[in-house]
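Please open the model in your viewer and keep the selection panel at hand, since this tour moves from one selection to the next. At each stop, the text says what to pick and then what is to be found there.

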Amino acid sequence: MSFLALRRLFSQVKRHHLEFLAPSNQHGCKYRMISDAVSFTQRSHTCGSLCKDNVGQKVKLCGWLQYNRGTQFSVLRDWTGITQIFTTSKQKEFQDLMKSIKHESVLCVVGKVKSRPDKDINPNMATGEIEVEVEEIEVLSQAEPLPFPVSEFYKISERIRMEYRYLDIRSKQMQRNLRIRSKMIMKMREFLANKHEFVDVETPTLFRRTPGGAKEFVVPTQHHGKFYSLPQSPQQFKQLLMVGGIDRYFQIARCYRDEGAKPDRQPEFTQLDIEMSFVEREGVIQLIEEMLQYSWPEDCTQIVTPFPHITYEQAMRLYGTDKPDTRFNMKIQDITSSCKDCGVTLIDDKLQKDNGNVVAIKVSDTQRILSKKCVEDLKTDALKALGDIKTVVIPIRVLDDGSWQSPISKHLSDHVRINISNDLDLQPGDLVLIAAGQNYSTYEVLGKLRLFIADYLESKDIQVREKDVFNFLWVTDFPLFLPKEGGEGLESAHHPFTDVHPDDRHFLDTHPEKVRGLHYDLVLNGSEVGGGSIRIHHSHLQKYILEQILKVDISELEHLLKAFTLGCPPHGGIALGLDRLFAMICGTPSIRDVIAFPKSHDGKDPMSKAPATVSQCELDTYHIQVKPQQSS
Ligand code: ASP
């Protein structure tokens, strides 16, 4: 090897630090190179990187004082791990210094790496074979007593964690989550920009109101009576970029929705926003599958592509929701034909009405855990969650001798019982929940119950869902319009820019409620993690839908309608909700655990106390006066 090549190799080794894959039983160094974490800094190594190979080397470590052990030993921590440092009995002044400084103070330690005596080797610690004998200590920042120990963040209320978010971020979990997030975003960018010529374009966050959709935050301006709105997504801009010939756009976009307090929503959130020209649904779907596979963390269960597809109609009929959790079975079955004229007034009444139906789910062999009272409570919760007062839910228990225990069993003829039994393949020990009512309501009630039952059984340590799997699913063929919530007429099921399904164009004038859209949702383990569509790119169709079907004021969208008349390529796109996706990958139930500085449940920041008041003098520049608070 030439001298130059040797020098290059040496500098490469110096610039990389070693990360332990796992503590080895043989106390050997099991490591792999990971990218550089020390260059440009004062330190020679990170706290998690030293091993036997470094014995004899002089090193410089920087980090937080995790704890002292006796008078001689201390542990220094940074994001990569911990290293034990020690002082000899002759180093009295260092020992006094260490005693005087509080945990979580920041130190710089220079010392020599030594092998630990055999009896002191800690196989559970990545750096457990070595320790560093101190030669110099510099206190870079003396910490005052902490409001809570960093290692015990999980015992602390979330409110306090958020008030001291910078301390919370020191925890292993937050460090891991934020690093997974960053790495995955880098890979996504690499896949899109470097490999597939997507252009990263920033779009404005000061924009105007968009008709329809979620409620937007309003930003006052110094122009009298004029306000900006913070966009709920860069939807219009990304479509306009296609008119502008950008061809393939992406953005890690910050979006805003003022939807009040919702448990796992954030008023500001991040989405990976994508738009492409000259593309059909399958193209967008394939792009996302390949990108997820490319950027998926190596140490997570790997994902298998292509992801399965299901139509909205199938999803509703099998799972009672448009975001099915396919990690467990317990599917909904239609037993309407077996229940016709069954003699139970409650059911017969429902079936005689329009679209009346009877559907069922079977929970196998769990009767002992699901007591009568528990089933009753779950049923009430499901109906309440949906605000459903009409659907009737009836339980049936199949006893050991095959007989049925149910409020309806004595009214049913043997014939009906046998038919239901065959439909559902009932066995002793099974619990059946029947819902009778109007189309889709019955499915939705059982869909909710299916999830509540799974949660309940899992709270009793009965595994229902497959563990450590990532079940992705595409849901397609959504209705384009839905009845307006709390009003007459129709509204867009997603947003007004989604194109009409080519097979349903003929319904647009006469039966718009029957029209499906070219929308697709990406669902992961029962949560929606993305959604997009092929867009309308003809001005006249966009105008027709806005004016004639949705009855919205098109003056707010003149710019878009105009752009569509000046040469607009067919286009489509998607947005992935990154916070939820990362929460699921990191295995945490809350999206707040993957956001460095999230807002609390009520949309506030307990650390800075935002939102805050401003003086009347400042408000005057915006021509605003705050009304006195109404006493309730
Ligand atoms: N703008 C849509 C959203 O934020 C996604 C899309 O249609 O691309 O949900």
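A residue is called buried when its relative accessible area is under 20%, exposed when that value is over 50%, and partly exposed in between. What you are looking at is a predicted model, and it holds 34 salt bridges, a few of which are visited below.

**First selection: Arg161 and Asp168**

Select arginine 161 together with aspartate 168, and you will find a salt bridge whose closest N and O atoms are 2.9 Å apart. Arginine 161 has a relative accessibility of 10% and therefore counts as buried, because the cut-off is under 20%. Aspartate 168, at 0% relative accessibility, counts as buried by the same rule.

**Next selection: Arg254 and Glu268**

Move on to arginine 254 and glutamate 268, which form a salt bridge with their closest N and O atoms 3.1 Å apart. Arginine 254 lies in strand S11 (residues 248-256) and glutamate 268 in strand S12 (residues 268-277), so the pair ties together parts that are 14 residues apart in sequence. Here arginine 254 counts as partly exposed at 42% relative accessibility, and glutamate 268 is partly exposed as well, with a relative accessible area of 23%.

**Next selection: Asp325 and Arg465**

Now select aspartate 325 and arginine 465, whose side chains meet in a salt bridge with an N to O distance of 3.0 Å. This pair links distant parts of the chain, 140 residues apart: aspartate 325 sits in the loop between helix H8 (312-319) and strand S14 (333-334), while arginine 465 sits in the loop between helix H13 (441-459) and strand S19 (472-476). Which of the two classes, buried or exposed, applies to aspartate 325? At 3% relative accessibility, aspartate 325 counts as buried, and arginine 465 is buried too, with a relative accessible area of 10%.

From this pair, turn to a group of residues by selecting Arg281, Glu282, Asp477, Asp504 and Arg516, which are joined into one network by salt bridges that share partners.

**Last selection: helix H14**

Finally, select helix H14, residues 539-549, and show the side chains of its buried residues, which are Ser539, Leu541, Gln542, Ile545, Leu546 and Ile549. To see what covers these buried residues, add strand S20 (481-483), strand S21 (490-492) and helix H15 (558-564), which are included in that cover. Before leaving, step just past the end of H14 to lysine 551, which takes a positive phi of about 55°.

Methods
Residues numbered from 1 in each chain as written. Predicted model: local features only at pLDDT ≥ 70, side-chain atom pairs only at ≥ 80, totals over all residues. Heavy atoms only, no water. Salt bridge = Lys/Arg side-chain N within 4 Å of Asp/Glu carboxyl O. Buried < 20%, exposed > 50% of the residue type's maximum accessible area, 1.4 Å probe, protein only. Helix = DSSP H or I, 4+ residues; strand = E, 2+ residues; numbered from the N terminus. Contact = heavy atoms within 4.5 Å.
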